[in-house]
Protein chains: 2
Amino acid sequence: MPTIRDIAKMAGVSISTVSLAFSSPHRVKPGTLDRILGAAERVGYVADPVARSLASGRSRLIGMVVADISNPFFGRILREIEARATAAGHLVIISDSGGSPQREREILEHLSGQRVAGIVLSPCSHGQDYGRYFETLTMPVVMFDQKIEGVARDFVGTDNQLASAMLTEHLLQQGHRRIAFIAGKKGLFTTVERLEGFRRTMATAGVEVDPSLILDGRYEGEDAYVLVMRLMTRHDRPTAIIASNNVMALGALQALNDLGVKCPARISLASIDDVPWANVISPRLTCSVQDATLLGRLAAERLLARIGDPGFRESPGEDLVIAPRFRLGNSCSPPVEA
Amino acid sequence: MPTIRDIAKMAGVSISTVSLAFSSPHRVKPGTLDRILGAAERVGYVADPVARSLASGRSRLIGMVVADISNPFFGRILREIEARATAAGHLVIISDSGGSPQREREILEHLSGQRVAGIVLSPCSHGQDYGRYFETLTMPVVMFDQKIEGVARDFVGTDNQLASAMLTEHLLQQGHRRIAFIAGKKGLFTTVERLEGFRRTMATAGVEVDPSLILDGRYEGEDAYVLVMRLMTRHDRPTAIIASNNVMALGALQALNDLGVKCPARISLASIDDVPWANVISPRLTCSVQDATLLGRLAAERLLARIGDPGFRESPGEDLVIAPRFRLGNSCSPPVEA
DNA sequence: GTGAAAGCGCTAACAG
DNA sequence: CTGTTAGCGCTTTCAC
């Protein structure tokens, strides 16, 4: 591997000029530039990224932190981010916090150690302390999906209240009154928002919510499965269920299938968030769809913009909230009288 | 951030001793060691990974290269690898080659530049030249899923011939003779092997294969969709279809649904490789299942073992092939007479 | 056991 | 415009 010294020698200049030639070509005399670039080309010189990071304090690495890598929702976002990062000459380090705030913190520390140029994360933490720590990070950070309130950083996400409100309204219109809501993991932004969207819509319609129909499903398919099993064996069953995310919706559907309870004939099911291959699942789930690819694109663009433009770096964080779409399936129908 | 110099000062030793204390604790006198570790603990010293990489020529990063990050199969493997890498103190860089050999090569170059400690990849390239390049990489490499023949590196994968043979035999037993086979992307190891498993099983059973029933689906759902559409509008339809991977199976199923062709009543469908949430898809697909989690675990263990043990590093690469399992669904039934 | 010294390959003032 | 000079923070011989 040729080093910067080799190129300097070949071009008959000092190493700092070679360095300049790559970082600020316009500040080097055209003739000199040509010699340098020519020499570099000839021997296939590429600046060593590690040496560069050490000297400059910044790498061409981008960190991405999520709560569950294997979740296809994150998979699509990762793909989008990786593609754009790559196009801009960056590599992406992916880390799984497993939903643990402590792990998340450790990961952030490791990423800082690697001098990552920026971080995209779906935080699983909250609280003031964490927010403060967050502010100490010196590189651009964009949060996506989940958000820590009161942090002056960019956030890219869906309108979660709207996502659940749409489904709630749909069920209300069909005549449902006893609607169960399987909530996500406690404390998370999306959990709170989605529940709030449900509550508000019910309140607006003047329908009282039975507190025992609001269940904690932690965004886990297994949990939803168990909860639905319990729900359907109660005497005061709901007539409809809203699942707070896709894997819980599938868990719920599985439970209904296993019980032999027909959906939508005996119970309606709606899902916040799309499921992959929705078309081959029966019944097709009525759901609110968030555009993961768009989310990924926006997050990547925002991060890369901050990384690329030192001026932009100082401007305050912004919220980029996109609206979900309603997709009608055949998993909801008017309630039957019991 | 405290540096090694600060610790040296605090402990009243030279920086080289501090360095030694972390890399080979046993070579430092217990008393000195305590002072050093104590000081480090007190101020929260952590060796700078970038400086370390530059000086030693090796980082604590692991590279993972796949053809499509958003594919859930890779998602599960990634998760497994990330978890084990993290446990061993490594971060993982994920890259998407998009199936392009050239991109793959560039990525490998970038990873080398970062001095990654090891690489896990599902190669999309083949050919002798590539194999030679491959040998020049100085860090441990383990291939998974796809394999480049004739390369002395570890490989972790499923018995692909068996995976398709199982399904073929099942269909033959049910009386099918006209079986269509939707193959994967040309040139890939899994494509060749899976097709071979099909051919052999048919040959063994003495059933002639109609060449027009072997189709090139490139491992894409879209392609499978179109191919099945074509297939079902021919006068000499097959009575069964085998899809070479999960996304093609779903594409195929979608086509059948859209056409209104009942599966398995009018046509049987079997899939090499599992689909996520198979239980809520109807019909449940009869498929051969490969254990992605196990694959990921084996790949990670193998790589980490090579990274950790310099002695093991020299030993020749091995093939770790795991057997797929057969899972009966209800997507296959005896052929109806046309 | 421990320390001195020489880098790893590059960036970033600062002169000229 | 280009070169000189210091490092970035650590590893790694090689002496003592």
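Reader: Which helices each supply at least two residues of the surface near DNA strand C?

Author: This is a predicted model. Both chains contribute helices to the surface near DNA strand C, each with at least two residues. From chain A come H2 (15–23) and H4 (49–56). From chain B come helix H2 (15–23) and helix H4 (49–56).

Reader: Which element gives the largest share of that surface near DNA strand C?

Author: In total, 24 residues surround DNA strand C. Among the closest are Ile4(A), Ala55(A) and Val13(B). The largest share, five residues, comes from H4(A).

Reader: How many residues of the surface near DNA strand C are charged?

Author: The surface holds 11 nonpolar residues. Another nine are polar. The charged residues number four.

Reader: Which strands are the edges of the open sheet in chain B?

Author: Six strands form this sheet, with mixed pairing. Their order is E7-E6-E8-E9-E10-E12. Each edge strand pairs on one side only: these are E7 (214–216) and E12 (325–327) of chain B.

Reader: What is the average twist from one strand to the next?

Author: The sheet in question is the open one of chain B. Its twist from strand to strand averages 15°.

Reader: Which residue of E12(B) is the bridge partner of Val289(B)?

Author: E10 (residues 286–289) of chain B pairs with E12(B) in the antiparallel sense, over three bridges. Val289(B) has its partner in E12(B): Arg325(B).

Reader: At about what angle does helix H8 of chain B run to E9(B)?

Author: H8 (residues 160–173) of chain B lies across E6, E8, E9, E10 and E12 of chain B. Relative to E9(B), H8 of chain B runs at about 165°.

Notes: Residues numbered from 1 in each chain as written. Chains lettered and ligands numbered in written order. Predicted model: local features only at pLDDT ≥ 70, side-chain atom pairs only at ≥ 80, totals over all residues. Near = placed C-beta within 6 Å. Helix = DSSP H or I, 4+ residues; strand = E, 2+ residues; numbered from the N terminus. Nonpolar A, V, L, I, M, F, W, Y, C, P; charged D, E, K, R; others polar. Pairing = 2+ DSSP bridges. Axes fitted to C-alpha atoms, helices over the stretch in contact; angles between N-to-C directions. Contact = placed C-beta atoms within 7 Å.
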